[in-house]
Amino acid sequence: MNSIFLSGSSLLLLISLAVQLLSVAVIWLIKNERKAFLAANTVLLGGMITGLASALLTALYPAPSGNIILYEWLRLDPLGLYFLSIIQLVAIPTIIYNYSYLRHHIDKKKSVKSFVTFFTTLLVSTQLLVTANHAIFFLVCWEIMSMAAYLGMIFEKEKKEVQQGSFYYVTVAHALIFILYIFFFILHEQTGSWLFSSYHLPFATETMGPVLFILALIAFGIKAGFMPFHFWLPRAHPIAPTPLSAFLSGVILKTGIYGLFRTFQFLCPVPEWCGWVVLAVSLFSAIFGVWYALAQHDIKRLLAYHSVENIGIIGIGIGLGFIGSANNLPVIMYIGFGGALLHTLNHAIFKTLLFIGSGIVYQNLGTRNIELMGGIVHRSRYLAIAFLIGSVAISGVPPLNGFISEFIIFTGFFATANELKNFYPIVMLMLVVGLAFVGGLAAACFTKVNAVMFLGSPRREIQKFNTNVFDYISLGILALLCIVIGFYPAPFVGMVNSVIGSSLVNGTASAILVDMNWMYISAIFTTIALAVFALYVLKIRHEKKYGKRVSDAWGCGYEHITPRMQYTASSFADELNTIPQSVLVYHKKVTVSDTAYPVESKFESHSDDFVDTKVLLPLFGLLKWLIAKFEFLGQTDIRYSVAFILITIIVYSLIAFLWV
Amino acid sequence: MGLGLLQGIVSVLVVLGLSPLFAGLVNKLKAILTGRIGAPLLQPYYEMQRLFRKETINAIGSSFISRISPLVNLVTMIIAAAMLPVGFWKPVISFDGDIILFAYILGLSRFFQILAAMDIGSSFEGMGAAREATFALFAEPIFFFSFGSISFISGYTSLYMILHSIQHQNISYEVFIVICSISVFMLAVTECSRMPVDDPNTHLELTMIHEVMILDNSGLDLFLYQYSGYIKLFIYAILEISFFYPFSGQGYLLGIIIFITGSLVLATALGVVETIASRYKMKNIPQYLLFATAIGILNLLIYTFTR
C-alpha cells in the first residue's frame, strides 16, 4: 500500500502542522520582540485550532483506506487520533496562556524567542509522535520531543534549581530512549518491518514476549511516571516555565500511556501476569503518589506528585484491560481501557488547569511555597473558582469529570469480580478499597491546597495581584471542559468506546460503556447543581428577611489573632503524613525554647523522595566510589592510554570474531 | 413506574421529616440512661426553628465557599437519602453502580465542609478540618469493605439491590452480616461524630472534630449544617437497619414495622454506647478506625474460606 492517500481532513492536519512550524519562522523574522511574539503565538494558535478541527473531522468521517496519511509513515488510527485530539485540546489553552505568561517576561526584557521555538517544536513533535507509524520516525519524534522539552525547561537557566532539575530530566530522558531503541530493534528483528501496523506478535507464540513487555513497561513507565520511576517528575516539573510544565504534566506523560497502549496492540492478547504487574505498580503509584503530594509545600512539586497518582489510576484501568484480554473477556477490556482512556483525557484537562492556575499565582506572588499564600480568593475570585473546579475534578468527587472516569474503573472491578468468580472478588475488593483510599487522600490533598492557597487571609502581604483576560480565557476553556465532561459524559464515553472497539479489541463490538446509565448520572448532577442554585436564591431572600452581617471569627477570648496563626499546609497534613513516615522520608524539626523567657520557636517539616534519596543517590554514590577505585588508570602518561586503547580494540575484535 | 417513583419520593420525605426526631430520640435515650430527664423528644425541631429565624453571621475573611458549603451539604445529603430504601420501597435513584456514587456523594459534602472550615482562617476550624480529613480517609475503605463485599457476593452494584440481597442463608453468611453491621456501626459513629470518636455535646474547641468545623456558623448556615447532620445520622441508621431485614419475610407492612423497631433498637444502641463509652484520645482514633477496617478484611476472608 505504497500510495499517497490524502483525504481532505488529513491534508488539513499536515497543513496545520506546517502552520504551527511557520510560527518559528515568524518569531525569528520579526525584529521587535513583542510584535514577533504576538504574531508567532497567534500563528501557533491558529495552526493548533486547525489541527483540532482536522482531528475532529477525521474522527467523524474516517478515511476509507486505513487512515494512511503520507506514505506509510504517518497514520491516523482511532487510538492515535484520540491522543492527537487530547494534545491539541490541551495545547490550545496553554498557547492562550502564553500570551499572558510570556508577555510578563518580555516586559522584564527577557528574550522569549528561543522558548517559543522550542515550545512549538515540542508541540509539533508530540503531535507527530502519536501519528507516527514507522518505528524510526517514532524514535526521532520521541527524541525531538524530549530535547525540545529540555531546551524549553532551561528558560530561566540562571537559576541553580533549574540547572539541576533539567539535568536530572535530560539524564532520565536519555536513559529511557536507549531502552526504547532495544525495544524497537527486537520488534524489527522479529517481524522484519519498521511499521507499527505490521507488528502483530501474539504474546503466547513469541519467545521475546516477556522481554518486549518488560522493556516497554520500563521505558514508557519512566515517561509516564509510574513508581518507582517517578523520581524525575518532582524535579523537572517545578522548574519548567508554567506553560511547559502544564504541557509536560498534562500531555507529555501521556505519551508513556500511549506507548503502553501501542505495546498492547503489538502483543495482544497478553497473559494475565502482565495485568497483575501493571495493576500492582499502578496501585502503588496511585497511593504513594498522592501521599507524597500531601507532604509537599511547593505547589508545582505537589502537582507533579499528583500526576503520579493519576497515572496510577490510568494504569489501574490498563491493568484491568490486560486481565480482560488474558481471559478473553471483551467487556472487561472495554471497561478497563475505557476508564484509562477517559481518565487520560480528564487528567490532561484538569492538570493543565491546575498548573496554569498555580502558574498565575506564582507569577504574582513570586513564590511556589503554599505556606506563604492564602486569601487569594479575595484578590481574584474567578481564579479561585477555576482552581476549585480543577481541585474537585482531580479529587474524583462528583459532579465533575474526574468522577466519571473513576466510576468506570470502579465498575470494572465489580464486573471483573462478577465475570471471573474464584479468587477474583477478593483481589478486586482490595482494589476497590485501594482506589477509594486514593480518593480520600486526593480529597485531603486538594482541600489542603485550595484552602491554604486561596482561602483564609494572606499569610504574607500580597503586594499586587494582576490577572488578565488571557488567563481567564485559558482557565475558562479548561474549567468548562471539566464541567461538560462531568455533567454530560455520554458523548465522550461513546467516543472512547468506539476508539477501543476499532483499535484495542479485535472484532467484538460492545456497548457496555455507552449503556452505563449516563443519563441517570447527568440527571443527578444537574439536579445537584440546580438545587444548590435554587437554595442559594432562597438563602439570599432569607438573609434579606432575617438579616446578615460579618463579624470576627471566634478567637477563644484572644484578641491579637494574626494570619500566621492559621492552620498551614504542614499542620493540616501532619497527622496524615506521620502514618507512612519512613516511606515518605518525612521529618520534622521543632525548636522550642525551654528557658524562663520564651524566645523564638521554630518548626520545620520536610519530605524527601524515598527513591531519590534512599535508592538513587546511594547508588550513584556507590558508582562514584567504584569508579574512583580505577583512578590509577587515568594516568597522565600517554603510553598507558595508548596501551589501554590497544587492549580495548583487541578485546572488541575477539568478541566480534567469536560472535561471527 | 408511577407508584415506584411515588414510593421513592415518600421515602425521601420520610428521611427529611423524621431525621431530627431520630436524633432527638438518641439524645432522650442517652439522657434516660444517664439518669437525667433530658430535653424533649422534639428538641431538634425546636432548635432548628430557632436557628431558622436568626440572622446569618459570616466570619470576616470568609469567602463564597462558606456561603455555598451549607447548601451543598444539604443537597448532597438529600441525594444520598434518595438512594436508600426505606422499608422495602424502591428509592428514587437506583441504577447499576450507584454504590460508588453514594460513597462519592458523601465525599463531595465532606470536601466542601473541610473547605468551608478552612475558609474562616481560624486555627480552631483548621484543627477540625485536618482531623476530619484524616479520619475520613478510613470512611470509604470501611464502607466498601462492608457493602462492597456484599455486592461481590450478590453480584449487584446498586445499593438498593445490595441491601435487598441480604437474605436468610446459612450460618456463615449470617456471621458475616453481623460482623459487617458492626463495622458499619463503627463507621457511622465516626461519620456522624458520635462517641467514642467525637462528642456532639462538648464545648471545648481543642477536642472537637465536627462541631469545631462549624464553630463560626450561625443562623441559617448552622441550621443547614445541623439538618444535614441529622440526615446523615439517619442515613447511616437506615444502612444499619437494612442488616435486620433478612430476619423477616418480605412485605411492605412488615418492612415498615422493622424499620420502626430497627430505628428504636439502633437509637438505643447509640444511647448505650454513648453512655458507657468514654471518648478516645485523638491520637487513638486512627487505631479505632483501623480496627473497623481490619474486621472488614477479616470478615471477608472468613466468609470466602467457609463458602
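Let's start at S166 of chain A: with a relative accessibility of just 2%, S166(A) counts as buried, because anything under 20% falls in that class. Keep in mind as you look around that this is a predicted model. S166(A) sits in helix 6 of chain A, which covers residues 160-191. What does S166(A) touch, once residues up to four places away in sequence are set aside? The answer is Y150(A), M153(A), I154(A) and I239(A). One of those partners, I239(A), belongs to helix 8 (233-239) of chain A.

Now zoom out to the domains. The assignment splits chain A into domain 1 (1-194), domain 2 (268-517) and domain 3 (611-659). If you take the C-alpha centres of domain 1 and domain 3 of chain A, they lie 38 Å apart.

Next, have a look at a pair of helices in chain A: helix 10, made of residues 272-294, and helix 15, made of residues 424-454. Their axes come within 9 Å and cross at roughly 25°. Angles under 35 degrees count as roughly parallel, and therefore helix 10 and helix 15 of chain A are roughly parallel to each other. As for handedness, helix 10 of chain A passes helix 15 of chain A in a left-handed crossing. And which kinds of residue make up the contact between helix 10 and helix 15 of chain A? By class, there are 20 nonpolar residues, 1 polar and 2 charged.

The loops have some backbone details to show you too. Between helix 7 (209-224) and helix 8 (233-239) of chain A, the loop holds P228(A), and the peptide bond joining M227(A) to P228(A) is cis, with omega about 0°. Another cis peptide bond links P398(A) and P399(A), this one with omega about 5°. You'll find P399(A) in the loop that runs from helix 13 (381-394) to helix 14 (401-419) of chain A.

Finally, check out two asparagines with positive phi. N328(A) has phi near 55°, a positive value in a residue that isn't glycine, and its place is the loop between helix 11 (299-326) and helix 12 (330-365) of chain A. Is N328(A) buried or exposed? With a relative accessible area of 64%, N328(A) is exposed. N517(A), also not a glycine, has a positive phi of about 60°. That residue, N517(A), lies in the loop between helix 17 (490-503) and helix 18 (518-546) of chain A, and its relative accessible area of 26% makes N517(A) partly exposed.

Terms used
Residues numbered from 1 in each chain as written. Chains lettered and ligands numbered in written order. Predicted model: local features only at pLDDT ≥ 70, side-chain atom pairs only at ≥ 80, totals over all residues. Heavy atoms only, no water. Axes fitted to C-alpha atoms, helices over the stretch in contact; angles between N-to-C directions. Helix = DSSP H or I, 4+ residues; strand = E, 2+ residues; numbered from the N terminus. Parallel < 35°, antiparallel > 145°, perpendicular 65-115°, else oblique. Left-handed = near helix turned anticlockwise from the far one by under 90°. Nonpolar A, V, L, I, M, F, W, Y, C, P; charged D, E, K, R; others polar. Domains from an automatic or database assignment. Buried < 20%, exposed > 50% of the residue type's maximum accessible area, 1.4 Å probe, protein only. Contact = heavy atoms within 4.5 Å.
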